[in-house]
Amino acid sequence: MTQSRTTDRPETAGVLVAPPIAFGGAFALALVLQFVRPWPIASHTLAARVAGGVLIAAGLALSGLVMRHFARADTPVIPWQETRHLVVSGPYRFSRNPDYVGQTLIVAGLGLLLRNLWVLPLLVPALLLVRYGVIAREERYLERRFGDDYRRFRSRVRRWL
């Protein structure tokens, strides 16, 4: 289910950074730090590899669902483009930001899979950047754009999980 509103002028959320850049940057820095100062996860057990794979698969599936629901709603998933419709179905019934949850799962899973403990503390600044530089701006934008429809959505669906 989608809800829409049209305006005469294109407007965007004005996010500070594309979330994949924030998460990818944290992961890239973790790779560099692992090379310079290794901080491996204590064991390289099958359980750690399976857990990493499960997190990656769950994150990819969640982000894939988001992309599919945005495509069905004919609205861009890219946060620097004008949102044409408010998506409130699919994974958006449970989280207002399921794609960012998915991206977090992917990076955490890669850290487990590659035995790179640096990923975990580096996810913190990435999540803070996404929370305050992306989500806060998106929320203000969506409230301006969709008004009461967005406020109702926000009141019934949690920001993360």
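Okay, let me start with a proline: proline 121 comes out as partly exposed, at 36% relative accessibility. Proline 121 sits in helix α4, residues 119–146. From its C-alpha to that of valine 157 is 27 Å, with the two positions 36 residues apart along the chain. And before I go further, remember that this is a predicted model.

So, the overall picture. We have five helices and two strands, and going along the sequence the order is β-α-α-β-α-α-α. Put a box around the C-alpha atoms along the principal axes and you get roughly 55 × 25 × 25 Å. The chain has 161 residues, and 45% of them count as buried. Now look at contacts with a separation of 6 or more: 83% of those are between residues 24 or more positions apart.

Let's go to α2, residues 46–72. How far does this helix reach from its first C-alpha to its last? With 27 residues, α2 reaches 38 Å, close to the 39 Å expected at 1.5 Å a residue. Its buried residues are Ala48, Gly52, Ile56, Gly59, Leu62, Ser63, Val66, His69 and Phe70. As for what covers them, that includes β2, at 85–87, and α3, at 98–113.

After α2 comes aspartate 74, and here phi is positive, near 55 degrees. Most residues other than glycine have a negative phi, so I'd point that one out. Aspartate 74 is in the loop between α2 and β2. Is it buried, partly exposed or exposed? Partly exposed, because its relative accessible area is 48%, and the exposed class needs over 50%.

Next helix, α3. This one has 16 residues, so at 1.5 Å a residue it should span 22 Å, and its end C-alpha atoms are indeed 22 Å apart. α3 is mostly covered, with 12 of the 16 residues buried. Among the buried ones are Pro98, Asp99, Tyr100, Gln103, Val107 and Gly111. The cover over the buried residues of α3 includes α1, α2 and α4.

Let me stop at one of those, glycine 111, which is in α3. Its relative accessible area is 2%, so it's buried. What does glycine 111 touch, leaving aside residues up to four places away in sequence? Ile41, Asn116 and Val119. Tyrosine 132, on the other hand, is 21 residues along the chain from glycine 111, and their C-alpha atoms are 24 Å apart.

Just after α3 there's another positive phi, about 60 degrees, at arginine 115. Again, that is a residue that is not a glycine. Arginine 115 lies in the loop between α3 and α4, and it's partly exposed, with a relative accessible area of 25%.

Now the inside. In soluble globular proteins, nonpolar side chains tend to be buried together. Here, the largest nonpolar core has 32 residues, and the ones with the most contacts inside it are Phe23, Val130 and Phe153. Elements giving two or more residues to this core are α1 (19–36), α2, β2, α3, α4 and α5 (148–156). Which element gives the most? That's α4, with 10 residues.

Have a look at phenylalanine 23 while we're there. Again leaving out residues up to four places away in sequence, it touches Tyr100, Gln103, Thr104, Val107, Leu123, Ala126, Leu127 and Val130.

Last thing: the empty space. The largest pocket has a volume of about 510 Å³. It's lined by 31 residues, and the closest to its centre are Phe70, Val77, Tyr92, Tyr100 and Glu138. Two or more lining residues come from each of α1, α2, β2, α3, α4 and α5. The largest share, five residues, comes from α4. By class, the lining has 22 nonpolar, five polar and four charged residues.

If you have the structure open, a couple of residues link these parts. Tyr100 is buried in α3, touches phenylalanine 23, and is among the residues closest to the centre of the largest pocket. Phe70 is buried in α2, and is also on that list for the pocket centre. That's my tour, thanks.

Note on methods
Residues are numbered from 1 along each chain as its sequence is written. This is a predicted model: local features need pLDDT of at least 70, side-chain atom pairs count only at pLDDT 80 or more; totals for chains, interfaces and linings use all residues. Side-chain values use heavy atoms; hydrogens and water are left out. Helices (H or I, at least four residues) and strands (E, at least two) are DSSP runs, numbered from the N terminus. The expected span of a helix is 1.5 Å times one less than its number of residues. Buried means under 20% relative accessible area, exposed over 50%, partly exposed in between (1.4 Å probe, protein chains only). Contact means heavy atoms within 4.5 Å. A nonpolar core is a set of buried Ala, Val, Leu, Ile, Met, Phe, Trp, Tyr and Cys residues joined through side-chain atoms within 4.5 Å. On a 1 Å grid over the protein atoms alone, a cavity is a set of points where a 1.4 Å probe fits but cannot get out, and a pocket is an open set with protein on both sides within 12 Å along at least five of seven lines; lining residues have an atom within 4 Å of a point. Grid points are joined across faces, edges and corners, and a volume is the space filled by probe spheres set on the points. Ala, Val, Leu, Ile, Met, Phe, Trp, Tyr, Cys and Pro count as nonpolar, Asp, Glu, Lys and Arg as charged, and the others, Gly among them, as polar.
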